[in-house]
Structure formats: C-alpha cells, structure tokens
Amino acid sequence: MFLANTLFGRVAVLSIASLMCSLYSPALSAEANANSTSSSTSSTSLRLPKRTISDDVQMAPDEMLSDLRDTRLTLTQLKQQAINLFLEATRPSMTVNDAPLEQSPSTITAQMLDAKKKYLPPRKEWLVLYVNTLEPIVHLLCEDINDIDTNGRKVSKAIEQRINPIFSTWRDDVLSINKSLDQVQGALPVGDEHEDAGANAIIANAALNIFQRAEELEKIRYQAALISIEEYKKDDRATSNSAAAGQVTK
C-alpha cells in the first residue's frame with residue numbers, strides 16, 4: 001500500500017553496496033559527494049516494481065499486509081540512521097573526568113541537543129556512510145508516493161476511502177524527510193582541514209526531524225494495517241455468508 005513489496009530487502013542490499021562504496025572509494029571529497037548525492041530523489045535510477053499484473057487488479061490481502069509489514073521494517077531502518085546521524089553531530093569531547101560507560105539511545109529528542117555545547121566536528125566519512133544508507137530508502141518512499149498518486153493503491157473501495165484521510169499526512173512526512181536529507185547533504189564538511197562550524201546543529205536538527213517524521217509514519221502505517229485487517233475480515237464474513245446462503249437455497 002505505502003511501499004512496494006519486499007522494499008526492505010531491496011533497500012538492505014542497496015544500502016550495503018552504497019556503504020562499501022563510501023568506505024573504499026577514493027572519491028570521498030565534498031565535491032564528489034555533492035555531485036553524486038545532490039538530490040535524494042534524483043541521484044539513483046531505482047524503480048518500484050508493479051504491485052499487481054494490471055493496474056485494474058487489486059492486491060490480495062496477504063500481499064497488502066506483507067507490504068505494510070515491510071514498511072515497518074523500512075521505517076525502523078530510517079529511524080536507526082537518523083539516530084546515527086544525530087550521535088555523529090553531537091559527539092562531545094571526552095575528559096579524564098568522564099565515565100567511559102556509554103549506551104547508544106534507541107530514540108532521540110530535541111532535549112538531547114544542547115545549543116550551548118561545543119561538539120566535535122562531524123566526521124565526513126561517517127556522514128557519507130549514513131547518507132548513502134538513507135538515500136535509497138527515502139528515494140523509494142518518494143517514488144511510492146508518485147506511484148500511488150498516479151495509479152492508486154490497488155485495494156478495495158472501502159479500504160481506499162478509510163485510508164485517504166491519513167495519506168496526506170503520510171505524504172507530508174515523507175517529503176519533509178526528503179528535505180531534511182537534502183539539508184544533511186548540504187552540510188557535509190568540505191574537507192578534512194576545514195569543518196563548517198554550523199554543520200553540527202544542521203545535521204542534528206535534520207536527524208531529529210527524520211526520526212520524528214518516521215515515528216509519525218509508523219503510527220500511520222499501524223493504523224492502515226488495522227483498517228486493512230478489519231476490512232478484509234468483513235469481506236471474508238460477507239463471502240462466507242453468501243456461500244452459506246447459496247447452499248441453503250439449493
């Protein structure tokens with residue numbers, strides 16, 4: 001519904017390839033990165049496969065629910081990379097008085113960003129790694145919106161009518177995530193010897209927005225799954241009752 005089937009698996013493979021390229025390619029300069037990642041919606045030629053054989057054919061219940069399950073896995077990836085970006089942009093300088101024990105958070109909030117605190121400059125290689133992981137995910141989220149706007153969701157009218165009111169919020173959140181990713185790309189350090197003093201705040205705030213929007217998307221996804229399950233059960237009951245009535249008349 002919101003994403004093509006097996007999106008999570010395809011993104012995972014693509015992300016691994018992107019990470020290996022970012023770690024071992026000599027073209028890690030800001031200029032090369034700007035040319036290769038200037039836009040999260042146009043830097044790759046990925047395309048979503050058709051959900052059904054024909055645009056007139058509805059998705060089967062198991063396909064729809066599996067699609068929604070895969071969307072949850074994708075959003076989990078999105079949130080994890082947002083956390084990674086935030087932690088990279090908020091690295092404090094350690095002293096002998098700081099305890100070496102540390103645990104990475106599973107969530108990030110605005111209260112965790114101290115505007116008065118001086119953080120270490122973000123490391124370019126790690127930023128590129130996280131951006132290259134996020135890019136295919138965000139790209140396919142945006143492409144999925146275009147696919148739905150053009151071809152619809154391939155579900156029953158009852159499901160479509162109940163999901164329509166929440167889809168505008170889904171669209172806004174995805175586009176906001178895409179904009180935040182562009183902001184991270186624009187804040188990439190220009191070189192090892194010169195770091196943008198404002199990069200920390202830009203990257204941290206963009207990461208916060210990506211995480212918060214992904215949280216909102218998960219709530220919408222969950223609501224859509226509940227709606228779908230309810231409607232499919234109604235269809236099953238109606239089909240069973242119709243079949244039973246047919247047996248009686250015979």
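This is a short talk through the fold, the core and a few residues of one protein chain.

Okay, hi everyone. Before anything else, please keep in mind that what you have in front of you is a predicted model.

Let's start with the overall layout. How many helices and strands are there in the protein chain? Six helices and zero strands. So if you read along the sequence, you just get α-α-α-α-α-α. The protein chain has 250 residues, and 42% of them count as buried. Now, about contacts: take those in the chain with a separation of 6 or more, and 89% of them are between residues 24 or more positions apart. Keep that in mind, as we'll meet some of those long-range partners in a minute.

Next, the inside. The largest nonpolar core has 49 residues. If you want to find it on your screen, look for Met64, Leu78, Leu85, Ile163, Trp170, Val174 and Ile203, which have the most contacts inside it. Which helices supply at least two residues each? That would be H3, running 61-89, H4 at 124-151, H5 at 157-186 and H6 at 199-249. The largest share comes from H6, with 15 residues.

Let me pick one of those core residues, Ile203. Leaving out anything up to four places away in sequence, Ile203 touches Leu85, Ala89, Pro122, Leu127 and Ala187.

While we're on the inside, have a look at Phe86, over in helix H3. Is Phe86 buried or exposed? It's buried, because its relative accessibility is 1%, and the cut-off for buried is under 20%. Its contacts beyond four places in sequence are Ile108, Thr109, Met112, Leu113, Ala204, Ala207 and Leu208. Take the last of those, Leu208: it is 122 residues from Phe86 along the chain, yet their C-alpha atoms are separated by 7.0 Å.

Now for a pair of helices, H4 and H5. In general, two packed helices are described by the angle between their axes and the distance between the axes. Here the axes of H4 and H5 come within 10 Å and cross at roughly 145°. The crossing is left-handed. On the H4 side, the residues making the contact include Val131, Leu134, Val138, Leu141 and Ile145, and on the H5 side they include Phe167, Trp170, Val174, Ile177 and Leu181. Sorted by class, that contact has 13 nonpolar residues, two polar ones and three charged ones. You may recall Trp170 and Val174 from the core list a moment ago.

Let's stay on H5 and look at two serines. Ser176 lies in helix H5, and Ser180 is found there too. Ser180 is buried because its relative accessibility is 4%, and Ser176 is buried as well, at 15%.

So what do the side chains of these serines pair up with? Start with Ser180: a polar contact of 2.8 Å joins its side chain to that of Asn209. And for Ser176, there is a polar contact of 2.9 Å, side chain to side chain, with Asn209. So Asn209 turns up in both pairs. Ser176 and Asn209 are 33 residues apart along the chain, and their C-alpha atoms are separated by 7.9 Å.

What else is around them? Setting aside sequence neighbours within four places, Ser180 is in contact with Ala206, Asn209 and Ile210. On the same basis, Ser176 touches Asn209 and Arg213.

One last residue, Leu175, which also lies in helix H5. Leu175 counts as partly exposed because its relative accessibility is 45%. If you're wondering about Arg213 again, it is 38 residues from Leu175 along the chain, and the two C-alpha atoms are separated by 9.7 Å.

And that's the tour. If you take one picture away, make it a chain of six helices with a largest nonpolar core of 49 residues. Thanks, everyone!

Key:
Residues are numbered from 1 along each chain as its sequence is written. This is a predicted model: local features need pLDDT of at least 70, side-chain atom pairs count only at pLDDT 80 or more; totals for chains, interfaces and linings use all residues. Side-chain values use heavy atoms; hydrogens and water are left out. A nonpolar core is a set of buried Ala, Val, Leu, Ile, Met, Phe, Trp, Tyr and Cys residues joined through side-chain atoms within 4.5 Å. Buried means under 20% relative accessible area, exposed over 50%, partly exposed in between (1.4 Å probe, protein chains only). Helices (H or I, at least four residues) and strands (E, at least two) are DSSP runs, numbered from the N terminus. Contact means heavy atoms within 4.5 Å. Axes are lines fitted to C-alpha atoms, for helices over the stretch in contact, and angles run from 0 to 180 degrees between N-to-C directions. A crossing is left-handed if the near helix is turned anticlockwise from the far one by less than a right angle, and right-handed if clockwise. Ala, Val, Leu, Ile, Met, Phe, Trp, Tyr, Cys and Pro count as nonpolar, Asp, Glu, Lys and Arg as charged, and the others, Gly among them, as polar. A polar contact is a pair of N or O atoms within 3.5 Å; within protein, one must be able to donate a hydrogen and the other to accept it, and residues adjacent in sequence count only if both atoms are side-chain atoms.
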